[in-house]
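Student: Please take one part of this assembly and go through it closely. I would like the place where the two protein copies meet, and then how the rest is arranged around it.

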There are 2 protein chains.
Amino acid sequence: MEKVARDLGYTPSAVAQSLRSRRTYTIMIVVPDITNAFWPVFARSVQDVVGPDGYHAMFGNTDARLAEEEAFLDEARSRRVDGVVFIGFRLPASRLVGLAESGVAVVNLGETPPGSRVDSARFDDQAAAAQATKYLLERYGPSVALIYGDEEAPAGRERRLGFEEACRAQGTEPDATRIVKTAFTREGGVTGMRRLLDLPQPPRAVLCANDMIALGAIDVAKERGLRVPKDIAIVGHDDIDAATIVTPQLTTTRTDARLLGEQAAGLLLSRMKGEVDGEGRHIVIPHQLVVRESA
Amino acid sequence: MEKVARDLGYTPSAVAQSLRSRRTYTIMIVVPDITNAFWPVFARSVQDVVGPDGYHAMFGNTDARLAEEEAFLDEARSRRVDGVVFIGFRLPASRLVGLAESGVAVVNLGETPPGSRVDSARFDDQAAAAQATKYLLERYGPSVALIYGDEEAPAGRERRLGFEEACRAQGTEPDATRIVKTAFTREGGVTGMRRLLDLPQPPRAVLCANDMIALGAIDVAKERGLRVPKDIAIVGHDDIDAATIVTPQLTTTRTDARLLGEQAAGLLLSRMKGEVDGEGRHIVIPHQLVVRESA
DNA sequence: CTGTTAGCGCCTTCAT
DNA sequence: ATGAAGGCGCTAACAG
């Protein structure tokens, strides 16, 4: 009977099943841009963890825009997904509380208000930036600069804070003209580095808030005939594949996207399976300064 | 009334709507590995095209394995998705016919049997490889080699065919010892290049079946103190971001992932919206040899 | 124009 | 053991 049906090409409707069972076996992963090398690795690793339990993933690209962040959260609600992995650049994490309250598993990739049912997994970007800055200060002296992107984004703000924290810890008040805000892209790195090198007293070392910026900074150094790190040292953040492809290979902070994904997915899964039901759990993933050639 | 409901936090259930309307506004994108730089760009561009019409995307990573390719197709059936974008490495394209027949919009990223309702968008990999090989032959003489990956994969086979076609067209019978099969990865490029350089008569120029292989090949050339392209010329395929990050910048065939995505999504969308209903349409996307520094 | 009803496909419950 | 019924939440069709 069942066999006959299956031979006839019958497949049970997951949507009817979902309506009845109130489970969709669907999660939604909302990231700024799947095109940025970090996120595919992250997404893949989340999928690899939840897949064996029958969960499949939908993706949202917000481009770090508020409207998109809200739209995907609404979509997640509407579609009755079982879980959401979210990283908000504009939307306060508090906006996730309601979703979580309504029974969907929510993992936020960033600082998260305690006391809710929202889980979180994140890196301590401020500490990472502080560590990298300290490394630069000790090795190349007080003439350090920062190129970073979007101030609104937690990643941007935290890394700037870490940079300033490390400067102050060494007794150097961070110099505003040496903190350049552009964009988290290679092009942003080009712009930022040009601005720094055009200063009356260019810096000896530059912390870039991510590897793409660092790549652009290296482009400019080469273009001006400067040797890295001999004339100017450059540090990135993320450790994307390109970090070992570029010459000189990039010294950078490794934030392991795969590990973040596994941890986030673990939190999500345990909640979706009902193994956990209380208050949010919060994981900080360790980072690591990888010293290569550029500083 | 409706306003009150919405203020109370009510959101219509998309799953009930789907059951009723028989439309899920969901598409499934099945690729080998979202972690390979080409696919995020492709996926993003598909999403950007279908998103405005309310469609959202699920992703499947097959790792080019038959079981996964089948599993995701089954999942697509079961979930009653409105459309599928599929690239099969193991599964014959004919397996898509049934799905398409049952009313879901299907776009195959590869050669596709005519006479079905399956649409397709693809590059002509054979022609691309032939063109790149011809360039190498004209510029560096008959001593050319090929490093490629998976023979089962259409991309692998077609590129090898193109290489051989171009050799024969120049009157050189392709030399089997100079056709190395490894894997479509940087590591595969390392392995392949070592094998070629250890030959009694190493080649003067190497066609790599993708950029990752070419990156590995460049690693080996550097490690052995060979200058690229002075001592050995290297050409890639894909034009990933890393192609302009590596030194020397890679000469490669650009296959525009964004364009492929837009075209595929266009085909998909027109069918999902019922604007088209007949036999499959087939698009071949133009490629382009981008000459940079490595050859 | 507002209100009721039936059924999308499934699964759990209850009855036979 | 097999079978029938009800309802998950929605919307199209129909009635008042």
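Tutor: In this predicted model, Ala57(A) has Phe59(B) in S2(B) as its bridge partner. That pair belongs to an antiparallel pairing between strand S2 (residues 56-61) of chain A and S2(B), which counts three bridges. In general, strands of a sheet pair through backbone hydrogen bonds, in either a parallel or an antiparallel sense.

The symmetry of the two copies can be read at this strand as well. A turn of 180 degrees, with a shift of 0.0 Å along the axis, lays chain B on chain A with an RMSD of 0.0 Å. The two copies are thus related as by a two-fold rotation axis. Met58(B) is the residue of chain B that comes closest to that rotation axis, its C-alpha lying at 2.1 Å.

The contact between the chains involves 32 residues of chain B and 32 residues of chain A. On the side of chain B that touches chain A, two or more residues each come from helix H2 (14-21), helix H3 (38-50), strand S2 (56-61) and helix H4 (66-78) of chain B. By class, this side of chain B has 16 nonpolar, 10 polar and six charged residues. The copies meet through the same surface, because 100% of the interface residues of chain B are also interface residues in chain A.

Helix H2 also leads to the DNA. The residues around DNA strand D include Leu19(A) and Arg20(A) from chain A, and Pro12(B), Ser13(B), Ala16(B) and Gln17(B) from chain B. Helix H2 (14-21) of chain A and H2 of chain B are the elements that give two or more residues to the surface near DNA strand D. H2(B) gives the most there, with five residues. For DNA strand C, the surrounding residues include Pro12(A), Ser13(A), Ala16(A) and Gln17(A), together with Leu19(B) and Arg20(B). Here the elements that give two or more residues are again H2 of chain A and H2 of chain B, and the largest share, five residues, comes from H2(A). The surface near DNA strand C has four nonpolar, three polar and two charged residues; the surface near DNA strand D divides into four nonpolar, three polar and two charged.

Next, the domains of chain A. The assignment gives domain 1 (2-123 + 257-285) and domain 2 (125-254). Their centres, taken over C-alpha atoms, are separated by 33 Å. Eight residues of domain 1 of chain A are in contact with nine residues of domain 2 of chain A. The side of domain 1 that touches domain 2 has five nonpolar, one polar and two charged residues.

Last comes a sheet of chain A. This open sheet of six strands has the order S7-S6-S8-S9-S10-S12, with mixed pairing. Strand S7 (179-181) and strand S12 (288-290) of chain A are the edge strands, each pairing on one side only. On average, neighbouring strands of the sheet are turned by 20 degrees against each other, direction ignored. Within the sheet, strand S9 (residues 233-238) and strand S10 (residues 251-254) of chain A run parallel and are joined by four bridges; Asp238(A) has Arg254(A) in S10(A) as its bridge partner. Helix H6 (residues 125-140) of chain A packs on the sheet and touches S6, S8, S9, S10 and S12 of chain A, its direction making about 170 degrees with that of S8(A). Helix H8 (residues 186-197) of chain A lies across S6, S7 and S8 of chain A, at about 150 degrees to S6(A).

Terms used:
Residues are numbered from 1 along each chain as its sequence is written. Chains are lettered from A and ligands numbered from 1 in the order in which they are written. This is a predicted model: local features need pLDDT of at least 70, side-chain atom pairs count only at pLDDT 80 or more; totals for chains, interfaces and linings use all residues. Copies are superposed by least squares on the C-alpha atoms of residues with pLDDT of at least 70 in both. Two residues are in contact if their C-beta atoms, placed from the backbone, lie within 7 Å. Ala, Val, Leu, Ile, Met, Phe, Trp, Tyr, Cys and Pro count as nonpolar, Asp, Glu, Lys and Arg as charged, and the others, Gly among them, as polar. Two strands pair if DSSP finds at least two bridges between them. Domain bounds come from an automatic or database domain assignment. A residue is near a molecule or strand if its C-beta atom, placed from the backbone, lies within 6 Å of it. Axes are lines fitted to C-alpha atoms, for helices over the stretch in contact, and angles run from 0 to 180 degrees between N-to-C directions.
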